Amino acid sequence: MDGRRQSAPARVLSIAGSDSGGGAGIQADIKAITALGGYAMTAITALTAQNTLGVQGIYPVTPDFLRQQIRSVLDDLGTDAFKTGMLGGPAEIQVVAEEIKAYRQQTPHALLVLDPVMVAKGGAALLAEDAISTVKTHLFPLATVLTPNLPEAERLTGRSLQTVQDMRLAARQLREETGAAVLLKGGHLSGEDLVDVFLDDTGFTEFADKRIATRHTHGTGCTLASALATLLAQNHSMTDAIHLSRQYVRNAILEAPGFGQGAGPLWHAHSFVKS
């Protein structure tokens, strides 16, 4: 015996930025992946000075060092799923795409949950304007599923999204452009009903809940994408993985610790039964 568990956990490599406040980014990813029984690994694209009030500073990682991190993990540990978040500029995005492509030559079934993070909860830009076309060209075609929120989907499609029908049209456009499944998150719609629209080759599925009245929503997008990557790597079906991921995030909001003066973090370590 070499000390391994009889049933090894699913491996998830998160490629994203670090949040010094611990609520989003790499820190949220590690917490969510671990809470759901996965093994979290990371390649950090940037350091941020960040708290619940916003982002005070960003220190990018060089493309060469980003590549070194990814290769270091993949050459030794491997992964069952990639999750991407904050990526930076065109050079960094190109590195990520190249390394995922190279890894898939040996491990073609490795998943990619692509969360097109563009703006932090406090409004800071997290994706350079000239990088959007690079993401579309080089990274989107590699995605298993895209998880944009409404503002991100508006920038990606050029559409104004005010209704669930608008979301369905945007999801259709993104799927036709990328070939990936699309989970378009509707948290920014007005009203008490929160609807996420999912589209894959079987058609549309809508997931609905009542909105939770709270300011503690920092890191919800990162957490959902990481949970989804973990559950898919554990061989849950896509719709089952989405359902469970949404419930996991909802419970994490309901049990938020109440920290910070702004958009507070979630509580990732709550008890969660996958059923």
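1. Let me start at a small turn: G37, just after helix α1, takes a positive phi of about 90 degrees. Please keep in mind as you read that this is a predicted model.

2. Helix α1 itself covers residues 25-35, and its buried residues are G25, I26, A28, D29, A32 and I33. They lie on the same side of α1, because the arc they cover around the axis is only 160 degrees. The general pattern behind this is familiar: an α-helix has 3.6 residues a turn, so residues three or four places apart point the same way.

3. What do the buried residues of α1 pack against? Their partners are three strands, β1 (11-19), β2 (39-51) and β4 (81-84), together with two helices, α7 (220-233) and α8 (238-254).

4. Between those helices, α7 and α8, there is a loop that holds N235. Its phi is near 75 degrees, a positive value in a residue other than glycine. Is N235 buried or exposed? N235 has a relative accessible area of 72%, so it counts as exposed, the cut-off being over 50%.

5. E152 makes a good contrast to look up in your viewer. This residue sits in helix α5, which runs over residues 150-157. With a relative accessible area of 6%, E152 is buried, since buried means under 20%. Leaving aside residues up to four places away in sequence, E152 touches D115, P116, V117, M118 and T147. For a sense of distance, Y39 is 113 residues from E152 in sequence, and their C-alpha atoms are 28 Å apart in space.

6. Now for the whole chain. The protein has eight helices and nine strands. Its radius of gyration is 17 Å, which agrees with the value near 19 Å for a compact globule of 275 residues. Along the principal axes, the C-alpha atoms fill a box of roughly 55 × 40 × 40 Å.

7. On the inside, 53% of the 275 residues are buried. Of the contacts between residues at least 6 apart in sequence, 69% join residues at least 24 apart.

8. On the outside, about 12300 Å² is exposed, and carbon and sulfur atoms supply 51% of that area. As for charge, you will find 23 positive and 27 negative side chains, with the centres of the two sets 3 Å apart.

Technical notes. Residues are numbered from 1 along each chain as its sequence is written. This is a predicted model: local features need pLDDT of at least 70, side-chain atom pairs count only at pLDDT 80 or more; totals for chains, interfaces and linings use all residues. Side-chain values use heavy atoms; hydrogens and water are left out. Helices (H or I, at least four residues) and strands (E, at least two) are DSSP runs, numbered from the N terminus. Buried means under 20% relative accessible area, exposed over 50%, partly exposed in between (1.4 Å probe, protein chains only). Contact means heavy atoms within 4.5 Å. The radius of gyration is taken over C-alpha atoms; the globule rule is 2.2 Å times the number of residues to the power 0.38. Accessible areas come from the Shrake-Rupley method with a 1.4 Å probe; for residues, only the protein chains shown count as cover. Lys and Arg count as positive and Asp and Glu as negative; His and the chain ends are not counted. The place of a charge is taken as NZ of Lys, CZ of Arg, CG of Asp or CD of Glu. The arc is that of the directions from the helix axis to the C-beta atoms.
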